[in-house]
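This report looks at charged pairs, at the surroundings of a ligand, and at one helix with the segment that follows. Please keep the sequence and the structure in view while reading.

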Amino acid sequence: MPIQIIRNDITKLNCDAIVNAANSSLLGGGGVDGAIHRAAGPELLEACRKLGGCPTGEARITKGYRLPGKYVIHTVGPVWQGGGRGERELLVSCYRESLRLALEYQCETVAFPLISSGVYGYPKDQALKVAVDTIGEFLLEHELFVYLVIFDRASYTIGEKLFADIRSYIDDRYVELHGDTGRSRSPWEETSSLPPLSSAPFLEEPVVPGEFEEASFDRREPLPAACPAKSSPDAAGKERTAFGKSGLDDALAQIDESFSQMLLRKIDEKGMTDAQCYKRANMDRKLFSKIRGNVWYKPKKQTAVAFAITLELSLEETKELLMKAGFALSHSSKFDIIIEYFIENGNYNVFEINEALFAFDQSLLGA
Ligand code: AR6
């Protein structure tokens, strides 16, 4: 199951559990701790008193009281002391222990703040990497939906060099595209052609009724007789012209491999199991079942790209897979150029790509 990075106030999220970056007394404080206690009401403090504190790197659970979610998992992150005092291990332990508690309490959705990255001073970029790596690793083995909640934009900074590299890569591709046509508009003036980041997972594009009437047919089976060519003799004549002698029926009978078929073929060729593939792609099992069960399934572009990345497809293969879902990679979109940048650099880490997409205000890959 996937991890999704969102920008939001954690107290507003309706998850089974939200995680609190507490201190070892568990008696409240500033930052996200203060916000959670304010939103949950005084009963939370009463419940915390009974827990008798919590050592650094461990976690405890209480109810959520007036919060939208059922539980609050309180974990105590390390105070940053330069990195040589076991801070990383303790922070990893905070995420693991919290996730373990969430599973024990049958939570399906959990939201984390960026633990230790505020008052406790853990450098934000490193705190983010620990969070993403640890949660990502845990989710390879367990079924949970995890939100990593970023409160302030500064928390989400990819390395300066990577940012500069991607930016100049985008500039170069843009110049390639717009260089000959008078004034070359900078990509930084445009508004994104993609939807803005949202606090909820993107909805998968449904199969449009009628558009994929043959959805349940295997492509090797003959297509159903209900073709538009039957509507009038005139229309039939036009289609014969467009498709040559054999007509529309024959053309459709030779329809190419679909997105779903190519995806499943590539998974086999790479020697992966379905589960390995959808988990690495940061994808939900249910969504993958839909794709597997419907030969004409039309995914969202982010989903298709996430699979291409997981399967470590070349740029050409990525374009082919996208084309089968009706998409292209163009130099008119920052999202597309960033994807191209990572593929060309042989970096197929979905989480790192998402960090870059986030930094450039683009939609993220995966669920
Ligand atoms: N939603 C999501 N994230 C938030 C919110 C919010 N409402 N408010 C702040 N953050 P911090 P720590 C982010 O200081 O570093 C407390 O006093 C914030 O931007 O809350 O682990 C405790 O009692 C930052 O990125 O926690 C402890 O004494 C992240 O949450 C101490 O602070 C964590 O910042 C714990 O320090």
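## Salt bridges across the model

A search of the whole structure, which is a predicted model, finds 18 salt bridges. Side chains of opposite charge can pair when their charged atoms come close. The examples below show where some of these pairs are placed along the chain.

One of the pairs joins the side chains of Asp-361 and Arg-7, with a distance of 3.8 Å from N to O. Because Asp-361 lies in the segment after α14 (350-359) and Arg-7 belongs to strand β1 (residues 3-7), this salt bridge ties together parts that are 354 residues apart in sequence. Asp-361 counts as partly exposed, since its relative accessibility is 42%, and Arg-7, with a relative accessible area of 34%, is partly exposed as well.

## A pair within one helix

What is the partner of Arg-49 in a salt bridge? The partner is Glu-46, and the closest N and O atoms of the two residues are 3.5 Å apart. Both residues lie in helix α2 (residues 42-51), where Arg-49 and Glu-46 are three residues apart, about one turn of the helix. An α-helix has 3.6 residues a turn, so residues three or four places apart point the same way.

With regard to the surface, Arg-49 has a relative accessibility of 46% and therefore counts as partly exposed, while Glu-46, at 41%, also falls into the partly exposed class.

## A buried pair and a network

Lys-301 and Asp-336 form a further salt bridge, in which the closest N and O atoms are 2.8 Å apart. This pair links distant parts of the chain, for Lys-301 is in helix α11 (residues 301-310) and Asp-336 is in helix α13 (residues 334-344), 35 residues apart. Are the two residues buried or exposed? Both Lys-301 and Asp-336 are buried.

Salt bridges can also be followed from residue to residue: Glu-257, Arg-265, Lys-266, Glu-269 and Glu-317 are linked by them in a network.

## Around the ligand

The ligand sits in the largest pocket, and 25 residues surround the ligand, the closest being Gly-30, Val-32, Asp-33, Ser-117 and Gly-118. Among the elements that each supply at least two residues of the surrounding shell are β2 (17-22) and α1 (31-40). The largest share of this shell, four residues, comes from α1.

Several contacts involve oxygen atoms of the ligand. A backbone N or O atom of Ser-116 lies 2.8 Å from a ligand oxygen, and a backbone N or O atom of Val-119 is likewise 2.8 Å from an oxygen atom of the ligand. In the case of Ser-117, a polar side-chain atom lies 2.7 Å from an oxygen atom of the ligand. Taken alone the ligand exposes 700 Å², of which the protein buries 92%.

## Helix α14 and the residue after it

Helix α14 is mostly covered, as nine of its ten residues are buried. Which residues of α14 are buried? They are Val-350, Phe-351, Ile-353, Asn-354, Glu-355, Ala-356, Leu-357, Phe-358 and Ala-359.

Just after α14, Asp-361 takes a positive phi of about 65°. Asp-361 is also the residue whose side chain meets that of Arg-7 in a salt bridge, and at 42% relative accessibility Asp-361 counts as partly exposed.

Technical notes: Residues numbered from 1 in each chain as written. Predicted model: local features only at pLDDT ≥ 70, side-chain atom pairs only at ≥ 80, totals over all residues. Heavy atoms only, no water. Salt bridge = Lys/Arg side-chain N within 4 Å of Asp/Glu carboxyl O. Buried < 20%, exposed > 50% of the residue type's maximum accessible area, 1.4 Å probe, protein only. Near = heavy atom within 4 Å. Polar contact = N/O pair within 3.5 Å; in protein donor to acceptor, adjacent residues only side chain to side chain. Areas by Shrake-Rupley, 256 points an atom, 1.4 Å probe, with all protein chains shown as cover. 1 Å grid on protein atoms, 1.4 Å probe; cavity = no way out; pocket = protein on both sides within 12 Å on 5 of 7 lines; lining within 4 Å. Sits in = over half its atoms within 2 Å of the grid points.
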